[in-house]
Amino acid sequence: MEKVKNPFKYGSAVEGEYYFPLPAFSKNVRAYLDNRINVVLYGPRRFGKTSFLLDLMKEQSREGKACLLIDIFNITSHKDFLRQVLRAIKSKQNFGHKFKDALEKLAKLKLIPAMDVDPSTGQPSFSIQTDFSSEKDIRELIQDAFMAIGKLDDSVLVIIDEFQKVSQIEDGGWLEGTIRQQMQELKNTVFLFSGSRKSIIYDMLNNQSGPFYKTCQAVDIPILGDDFTDWVMDRFNTIGISCDKRAITELRKRVHNTPNYIQQVCFHLIAENPEIKHVNLESIEQILHKIVEQNAYAFETLLNSLTTLQGRVLRLCANEPTAIYSQELIQRYEIKSGPALATSIKSLKSKGILESSSSKGQVIFDDPLFQIWLQKECS
Ligand SMILES: Nc1ncnc2c1ncn2[C@@H]1O[C@H](COP(=O)(O)OP(=O)(O)O)[C@@H](O)[C@H]1O
Ligand SMILES: [Mg+2]
């Protein structure tokens with residue numbers, strides 16, 4: 001039998017038919033950018049920030065803007081940051097003439113070796129030199145690279161994905177300050193930042209003495225609602241599978257509307273049941289539990305790295321996420337006191353395991369699968 005193409009994808013940014021477009025949200029964000037208002041896009045991990053940014057970038061490029069997407073998720077130093085900036089520039093080699101001047105400038109700065117022209121395409125090409133010398137050089141090169149970016153075009157969009165990383169580099173705020181300075185100096189350039197750590201992003205924007213105080217418009221990535229359920233059903237339909245709407249609605253609820261997990265469950269549902277013709281709640285639950293179980297080892301390791309108190313607090317939060325400070329629950333989960341609970345919650349947030357919620361007495365798990373696993377552990 002011929003293998004059918006799985007209509008679902010997960011784990012990294014999606015494009016094309018795997019992407020559910022967000023036209024209204026995209027229009028909002030573009031309105032800010034068109035008016036040269038810098039934007040910070042906040043969304044939990046796995047909610048589709050990078051996918052959205054790629055889609056927006058395509059649109060803006062079509063309109064003639066020079067766009068760069070700098071991904072700094074894995075950076076630990078200025079050198080890493082510079083490397084990612086150069087990588088973003090390099091990925092635009094096929095822009096040809098637009099980037100040529102900037103590339104030449106970078107070549108002059110010895111950031112990249114002299115440029116070649118690719119004989120088959122006629123496009124300029126280059127490779128990135130990575131053996132930079134002193135920290136002072138690297139700082140200068142970062143500034144030069146931004147200046148070159150500003151010269152790319154009349155209108156430039158710089159997107160920095162996983163922006164909170166810049167505040168985690170211990171450099172006395174140099175990188176933050178430098179980006180802030182570039183935001184002011186590059187008159188034709190607008191910045192779009194994305195971040196997945198709410199508390200860090202919030203601090204960056206609202207700390208009066210920080211460089212980003214009131215410099216950006218904050219927007220939240222929208223939660224994909226009923227339209228997304230319909231889209232998921234349509235995706236099943238493309239390979240002749242029907243499904244109970246209720247099953248998808250319930251799945252969305254179970255994984256706190258995390259699109260990555262919705263697609264992951266649907267992907268495995270098909271991969272493991274090639275003969276399936278109809279999807280119901282039972283088949284969804286079964287796959288969801290299997291995926292949770294596959295993560296059990298990682299969850300156990302995580303739990304073991306925490307204190308006993310933190311473990312109890314997590315159990316409480318997993319089972320009663322909406323009223324964690326109730327006296328009755330504090331006793332039931334053997335937590336010493338309200339203040340002890342508060343301290344634990346704080347450190348679990350700083351570890352990125354829990355996130356604040358907008359409502360009081362409520363917490364959100366960074367990873368909804370971890371929450372499901374903890375619930376099962378307790379029962
Ligand atoms: N708009 C969307 N339409 C369909 N699937 C999406 C969408 N946004 C996110 N996803 C799902 O979530 C996964 C993670 O998306 P990604 O853009 O990497 O999220 P983030 O950058 O917020 O961590 C994708 O692989 C896809 O399965
Ligand atoms: Mg991302």
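## Holding ligand 1

A polar side-chain atom of T50 sits 2.8 Å from an oxygen atom of ligand 1. Keep in mind as you look around that this is a predicted model. The backbone joins in too: a polar backbone atom of S12 is 2.5 Å from an oxygen atom of the ligand, and for G11 the corresponding backbone distance to a ligand oxygen is 3.3 Å.

How much of ligand 1 does the protein cover? On its own, the ligand has 560 Å² of accessible area, and the protein covers 94% of that.

## Who makes up the shell

Three elements give two or more residues each to the shell around ligand 1: α2 (49-62), α9 (226-237) and α11 (259-272). In total, 22 residues surround the ligand, and the closest are K9, S12, K49, S51 and Q263. So S12 turns up again here, listed among the closest residues and also giving the 2.5 Å backbone contact.

What kinds of residues are they? Eleven are nonpolar, seven are polar and four are charged. Both domains take part, since domain 1 (21-220) and domain 2 (226-294) each supply at least three residues to the shell.

## Two glutamates with positive phi

Now for a bit of backbone geometry. Most residues other than glycine have a negative phi. E162 has a positive one, near 60 degrees, and E334 does as well, with phi near 55 degrees.

Where do these two glutamates sit? E162 is in the loop between β5 (156-161) and α6 (165-168), while E334 belongs to the loop between α15 (327-332) and α16 (338-350). Are they buried or exposed? E162 counts as buried because its relative accessible area is 10%, under the 20% cut-off. E334 counts as exposed because its value is 55%, over the 50% cut-off.

## Cysteines without a bridge

A disulfide is a covalent bond between the sulfur atoms of two cysteines. How many does this structure hold? The count is zero. Take C243: the nearest cysteine sulfur belongs to C266 and is 7.4 Å away. A disulfide needs the two sulfur atoms within 2.5 Å, so that pair does not qualify.

C243 is also buried, with a relative accessible area of 11%. Another buried cysteine is C317, whose relative accessibility is 0%.

Methods: Residues are numbered from 1 along each chain as its sequence is written. Chains are lettered from A and ligands numbered from 1 in the order in which they are written. This is a predicted model: local features need pLDDT of at least 70, side-chain atom pairs count only at pLDDT 80 or more; totals for chains, interfaces and linings use all residues. Side-chain values use heavy atoms; hydrogens and water are left out. A residue is near a molecule or strand if one of its heavy atoms lies within 4 Å of it. A polar contact is a pair of N or O atoms within 3.5 Å; within protein, one must be able to donate a hydrogen and the other to accept it, and residues adjacent in sequence count only if both atoms are side-chain atoms. Accessible areas come from the Shrake-Rupley method with a 1.4 Å probe; for residues, only the protein chains shown count as cover. Helices (H or I, at least four residues) and strands (E, at least two) are DSSP runs, numbered from the N terminus. Ala, Val, Leu, Ile, Met, Phe, Trp, Tyr, Cys and Pro count as nonpolar, Asp, Glu, Lys and Arg as charged, and the others, Gly among them, as polar. Domain bounds come from an automatic or database domain assignment. Buried means under 20% relative accessible area, exposed over 50%, partly exposed in between (1.4 Å probe, protein chains only).
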